[in-house]
2 protein chains.
Amino acid sequence: MEIQGLPGRLLAALGPAIASGELPEGTVLRAEELEQQHGVSRTVVREAVRILESMRMVEPRRRVGTTVRPKADWDVFDPLVIRWRLAGADRSAQLRSLGSLRVAVEPAAAALAARCADDDDRRELSALAVELTVTARAADLEAFLAHDIAFHAVVLRASGNEMFAHLKDTVGAVLTGRTEHRLMPHRPREYAVQLHREVAEAICAGDPERAERAMRTIVLGALEELDATLPD
Amino acid sequence: MEIQGLPGRLLAALGPAIASGELPEGTVLRAEELEQQHGVSRTVVREAVRILESMRMVEPRRRVGTTVRPKADWDVFDPLVIRWRLAGADRSAQLRSLGSLRVAVEPAAAALAARCADDDDRRELSALAVELTVTARAADLEAFLAHDIAFHAVVLRASGNEMFAHLKDTVGAVLTGRTEHRLMPHRPREYAVQLHREVAEAICAGDPERAERAMRTIVLGALEELDATLPD
DNA sequence: CGCTTGAATAAGTCATACCTTTGCGCCAAG
DNA sequence: CTTGGCGCAAAGGTATGACTTATTCAAGCG
């Protein structure tokens, strides 16, 4: 999954540093310096820089050096960029963006899922809805989170749209982030759990409007909570 | 914008070949072969392969070679991957996915824009709505396309959500693709143009519901047309 | 004052040598 | 005949030195 080897390590050092603003826009990174600072060879430095270039986070220019590009140019949909931003300074901005994205995508995915889901999807959704109810009652936050992530992943996958499906890790990262960082309510709200059941039922019943409405309520609620609790 | 130099050329050869299915899942690429086939050095091959790895299109494994990963693993939001797929065999599937994505995102973006757009945004939107009307009447498809792309880009940007804003190139690619490939109506439909004016007016008037509704009608119409005219 | 030209610099490329991991076959023991 | 481990070889991974190319900057010339 991760980039392997030394270039991966270098990437794990440079990416977060850039994403967090520690290396702000316009900073020049010279290959030779990176070699020495990190004790690796040119080969390694070049490969790491190439990857950052493909994410549009840096731009190598001859006779000048490799300069950090403005944040607006970055490939904000790249999973690594998202992770780095979530770990760093503009974690709040990233969560807000992702929140809005969820509000747009997940209801549409739920509606599609109500049309396209196969029997396995429906079974899995029903089972996960039950699990959510149980773990919420038991106030088992860890298990609840896992099932919540799985639930949204199944909805996204069942939509039959590959691009929606690929947002599962992103949504998972958001859910994980909010459970870890700001404290979820000591036990998940019964209302939220009920909405998840509603989504599962609507998808199983093949009712797109109901599925979409319930899912929209879920993600809008999450976004509101986010806005209410985020610091800046 | 593009990846530079020899690695860029190699990438431009490998990426489309993989995206089009010419090099199907499981194909092994050996570094030495790539060197000879393309007349480049190890360095170049490794950098290109690294980038493909970061897109999760290939997976290098020692003693085995670099194998092409299943399509489901690819980073489908990466602009290069999108472009390659649009140019290749599953152009239809890609257009469908993007169509659904637009249906989800653009109405939400329009609603946000009606809340967040600044005066410059509103002015620009109004101007573009006029341009659209004029070029549509003149049946100047090329100019119409350019303004259409600009229009949607402004809405996405005015939403204030960086992730939405970054979808502008993607949306642009879709619009370009449908104009180029399948033949748009000889002159843009007056109804569609009117809807664009409606979106612009609603955003200028700060009416999120109206903006969202009009935009949804636009992208739903585009998706229907797509489904109707796509081959497979 | 502006244009040209050249030198310095940093990235880009190549070739080579060597390291590290790992799949697979061979052989021996059960 | 099966099974386990040992070792080789194949392929990617890393390091390095030499060289190329593009680009900036400035000095010098018209």
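Tutor: Contact here means heavy atoms within 4.5 Å.

Student: Which residues make the contact, and how many from each chain?

Tutor: Chain A gives 39 residues and chain B gives 40 residues. This is a predicted model, in which local features need pLDDT of at least 70, side-chain atom pairs count only at pLDDT 80 or more, and totals for chains, interfaces and linings use all residues. Residues are numbered from 1 along each chain as its sequence is written, chains are lettered from A and ligands numbered from 1 in the order in which they are written, and side-chain values use heavy atoms, with hydrogens and water left out.

Student: What area do chain A and chain B bury between them?

Tutor: They bury about 3500 Å², 58% of it on carbon and sulfur atoms. Buried area is the accessible area (1.4 Å probe) that two parts lose on being put together, summed over both. On chain A, the residues Arg50, Phe77 and Met163 supply 21% of the area buried against chain B, more than any other three residues.

Student: How many salt bridges cross that interface?

Tutor: The rule finds six salt bridges between chain A and chain B, each being a side-chain nitrogen of Lys or Arg within 4 Å of a carboxyl oxygen of Asp or Glu. A:Glu162 forms a salt bridge with B:Arg85, and their closest N and O atoms are 3.0 Å apart.

Student: Which element gives the largest share of the chain A side?

Tutor: That is H5(A), with 10 residues. Helices (H or I, at least four residues) and strands (E, at least two) are DSSP runs, numbered from the N terminus.

Student: Changing topic, which residues are closest to DNA strand C?

Tutor: The closest are A:Arg46, A:Arg62, A:Arg63, B:Leu6 and B:Arg62, and 24 residues surround the strand. A residue is near a strand if one of its heavy atoms lies within 4 Å of it.

Student: Which parts of the DNA lie within 4 Å of the protein, sugar or phosphate, or bases?

Tutor: Of the atoms of DNA strand C within 4 Å of the protein, 76% belong to sugar or phosphate and the rest to bases.

Student: Where is A:Ala31 relative to the phosphate?

Tutor: A polar backbone atom of A:Ala31 is 3.1 Å from a phosphate oxygen of DNA strand C. A backbone N or O atom of A:Leu29 lies 3.5 Å from a phosphate oxygen of this strand.

Student: What about the side chain of B:Arg62?

Tutor: An N or O atom in that side chain is 2.5 Å from a sugar or linking oxygen of DNA strand C.

Notes
A polar contact is a pair of N or O atoms within 3.5 Å; within protein, one must be able to donate a hydrogen and the other to accept it, and residues adjacent in sequence count only if both atoms are side-chain atoms.
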